[in-house]
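Q: Please take a close look at one single part of this protein. I would like to follow how that part is put together, step by step.

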Amino acid sequence: MNPRSILLASHGSDGARAAEEAALDLLGEGGKLFHLVVVPDFWKGMTGDDWLNNAVTQARFGKYVEDQLVREIGLEVARLARAAEQRKIAYENGVSLGKPADCLAEAERSGTYDLVVVGAPRPKGTPGLRSRMSPETLVRALKTPLLVVPHPG
């Protein structure tokens, strides 16, 4: 396998970082990497309205959550951009809000890629948020070969 252009879904978890390493190793110098960060749609409604008692406080909390997500995504993008630059790989990124499989399929339709790379779901008992990715939806939607990188744990 010698892809020249990869669509990578990654959000910085251990499994996603394993997928990043695999994508960078597969591309090598001169390759093109498009890094997609998907913010699952459940964050859209994160306003704290079940425990915050007025609209102003809810709006402030919603803005805080949004700002925190932007900061965290910025750190992940900067980290992966540096890794790609060190390997002389062209790097682009995008952020989508929605269902992970749908967002990844939409990104794949909007570009031309030789391979789509994702990390496998976390094993049971591993701390962290469980993936909401629907593998069946993703496999049916993609026209490009898919590589699922095993979780490092």
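The answer below deals with the sheet and with what packs on it.

A: This is a predicted model, in which local features need a pLDDT of at least 70 and side-chain atom pairs count only at pLDDT 80 or more, while totals for chains, interfaces and linings use all residues. Residues are numbered from 1 along each chain as its sequence is written, and side-chain values use heavy atoms, with hydrogens and water left out.

Some background comes before the sheet. The protein has 4 helices and 5 strands. Here helices (H or I, at least four residues) and strands (E, at least two) are DSSP runs, numbered from the N terminus. Read from the N terminus on, the elements follow the pattern β-α-β-α-β-α-β-α-β. Of the 153 residues, 39% count as buried, where buried means under 20% relative accessible area, exposed means over 50%, and partly exposed is in between (1.4 Å probe, protein chains only).

Now the sheet itself. Strands of a sheet pair through backbone hydrogen bonds, either parallel or antiparallel. In this protein, 5 strands form an open sheet in the order 3-2-1-4-5, with parallel pairing. Two strands pair if DSSP finds at least two bridges between them. Strand 3 (90-98) and strand 5 (146-149) stand at the edges with a single partner strand each, so one side of each has no neighbour in the sheet. On average, neighbouring strands of this sheet are turned by 20° against each other, direction ignored. For such angles, axes are lines fitted to C-alpha atoms, for helices over the stretch in contact, and angles run from 0 to 180 degrees between N-to-C directions.

The pairings can be taken one by one. Strand 1 (residues 5-9) pairs with strand 2 (residues 32-40) in the parallel sense over 5 bridges. In strand 2, Ile-6 has Leu-33 as its bridge partner, and Leu-8 has His-35. Strand 1 is also joined to strand 4 by 3 bridges, and these two run parallel. There, the bridge partner of Leu-7 is Val-116. Strand 4 in turn runs parallel to strand 5, with 4 bridges joining them. Gly-119 has its bridge partner in strand 5, namely Val-149.

How enclosed are these strands? In strand 2, 8 of the 9 residues are buried, so the strand is largely enclosed by the rest of the structure. In strand 4, 4 of the 5 residues are buried, so strand 4 is likewise largely enclosed.

Next come the helices on the sheet. Helix 1 (residues 14-27) lies across strand 1, strand 2, strand 4 (115-119) and strand 5, and runs at about 175° to strand 1. Helix 3 (residues 100-109) packs on the sheet as well, touching strand 1, strand 2, strand 3 and strand 4, and its direction makes about 150° with that of strand 2. Contact means heavy atoms within 4.5 Å.

Helix 1 has 14 residues and spans 20 Å from its first C-alpha to its last, close to the 20 Å expected at 1.5 Å a residue. That expected span is 1.5 Å times one less than the number of residues. An α-helix has 3.6 residues a turn, so residues three or four places apart point the same way. The buried residues of helix 1 include Gly-15, Ala-19, Ala-22, Ala-23 and Leu-27. After helix 1 comes Gly-28, with a positive phi near 70°.

In helix 3, 7 of the 10 residues are buried, so helix 3 is largely enclosed by the rest of the structure. Cys-103 and Leu-104 are among them. The cover over the buried residues of helix 3 includes strand 1, strand 2, strand 3, strand 4 and helix 4 (135-141).

One side-chain detail involves strand 2. The structure holds 1 aromatic pair. Phe-34 and Tyr-113 form this tilted pair, at 6.3 Å centre to centre with 50° between the planes. Rings of Phe, Tyr and Trp (its six-membered ring) pair if their centres lie within 6.5 Å; planes under 30 degrees apart count as stacked, over 60 as edge-to-face, and the rest as tilted. The pair links distant parts of the chain, since Phe-34 is in strand 2 and Tyr-113 is in the loop between helix 3 and strand 4, 79 residues apart. Phe-34 counts as buried because its relative accessibility is 18%, and Tyr-113 counts as buried because its value is 15%.
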